[in-house]
Amino acid sequence: MKSRILIGTSANVRYAIADTTNLSIEAINVNKNSKILCTSELALLNIAALLSGNIKSENGKITLLLKADGILGKAKARARKDGRIIATNEIETDKLKELNACTEFSDFAKMYKIGKGQLIIETDLGLKKPYYTTIDVNDDKDIEQAIQEYYLKSEQVDTIIKTGVKYDENSDLIRSGAIFIQALPECKKEIFEKFKKKLKEIYGIQDLLAHDMSLEDIAKLLFDNIEAYKNLEIRDLVFKCDCSYNYCLNLLKRIYTLDEIRDIIKKDGYVETVCGFCNAAYRIDNIEGI
């Protein structure tokens with residue numbers, strides 16, 4: 001079952017609807033921590049999948065980096081236009097031990113949070129330098145709200161983002177997805193309010209998918225009795241890192257000069273870099289000709 005994203009537009013909004021089930025299952029499977037600790041990672045993965053539909057440049061990418069003080073507060077995700085999505089999280093050992101030691105649900109609930117911090121959005125258009133936007137997050141503002149605030153702050157546009165994950169009785173993920181609706185420049189306020197109301201009235205995206213509704217079916221449901229719309233394209237989404245030898249070499253060159261890299265290679269035989277998303281290791285032993 002492939003993960004996919006449907007992208008479309010109407011007179012008042014542009015939209016994206018994503019089935020991220022396979023992406024989410026793969027993210028959980030490669031995570032070294034308990035699947036219950038993937039909450040913030042899956043939220044970022046779902047949003048990154050949606051935002052992949054906004055990337056125009058072939059070399060562009062969007063990275064979401066969560067830096068907060070809760071046990072769920074160290075997650076990140078990246079999206080490429082071609083549908084490559086990667087996400088991971090980092091759990092501090094001391095906090096994990098403390099969580100595992102909880103004997104009361106109330107104590108567990110106090111710890112099982114993102115906490116207070118920031119969500120950093122890095123937008124790379126394939127030019128020389130990416131640009132960054134930072135949004136504060138806390139236990140009263142979830143990641144969806146932070147991304148909506150990001151669009152208001154950076155582009156001054158109203159945006160709705162809804163994500164959802166559904167588990168079975170064994171706490172295994174069975175469906176996940178996300179919906180993105182954004183006002184176009186001439187969007188009528190009353191139309192946008194109808195979309196807000198519709199999303200409150202219908203089942204969550206995860207339940208719609210669990211009832212075997214296709215992305216096209218969900219689009220039809222969203223726009224029913226509101227306005228005409230047009231589905232533009234469907235893209236496949238894959239859980240795959242975008243790292244490479246050259247990518248890691250370029251990261252290395254941001255830290256060291258070429259002479260410094262040569263000196264390390266001369267001394268140790270190579271320089272090793274590790275991808276921050278998938279942990280793939282790259283040994284660089286020759287930079288001549290670069």
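This tour moves from one helix to its neighbours, then to the nonpolar cores and a single strand residue.

The model is predicted, so local features need pLDDT of at least 70 and side-chain atom pairs count only at pLDDT 80 or more, while totals for chains, interfaces and linings use all residues. Residues are numbered from 1 along each chain as its sequence is written, and side-chain values use heavy atoms, with hydrogens and water left out.

**Stop 1: helix α1.** Select residues 21-30, which form helix α1. Helices (H or I, at least four residues) and strands (E, at least two) are DSSP runs, numbered from the N terminus. Colour T21, L23, S24, A27 and I28, which are buried; buried means under 20% relative accessible area, exposed over 50%, and partly exposed in between (1.4 Å probe, protein chains only). Looking down the axis of α1, one finds these buried residues within an arc of 165°, so they line one face of the helix; the arc is that of the directions from the helix axis to the C-beta atoms. On the face turned away from the buried side are the exposed residues N29 and V30. Next, display β1 (3-10), β2 (13-19), α2, β5, β9 (173-183) and β10 (229-239), against which the buried residues of α1 pack.

**Stop 2: α1 against α2.** Add residues 39-51, helix α2; its axis and that of α1 come within 10 Å and cross at roughly 145°. Axes are lines fitted to C-alpha atoms, for helices over the stretch in contact, and angles run from 0 to 180 degrees between N-to-C directions. From α1, L23, S24, A27 and I28 make the contact, and from α2, E41, L42, L45, N46 and A49. Contact means heavy atoms within 4.5 Å.

**Stop 3: the cores.** Select L44, L64, L66, L119, I121, I143 and I147, which touch the most other members of the largest nonpolar core, a set of 58 residues. Such a core consists of buried Ala, Val, Leu, Ile, Met, Phe, Trp, Tyr and Cys residues joined through side-chain atoms within 4.5 Å. Helix α2 supplies its largest share, 9 residues. A second, separate core of 23 residues includes I191, F192, L209 and F223.

**Stop 4: I86.** Finish at I86 in strand β5 (residues 84-89). I86 is buried, with a relative accessible area of 5%. Not counting residues up to four places away in sequence, I86 touches K76, A77, R78, F239, K240, C241 and F277. The C-alpha atoms of I86 and S24 are 9.9 Å apart, with their positions 62 residues apart along the chain.
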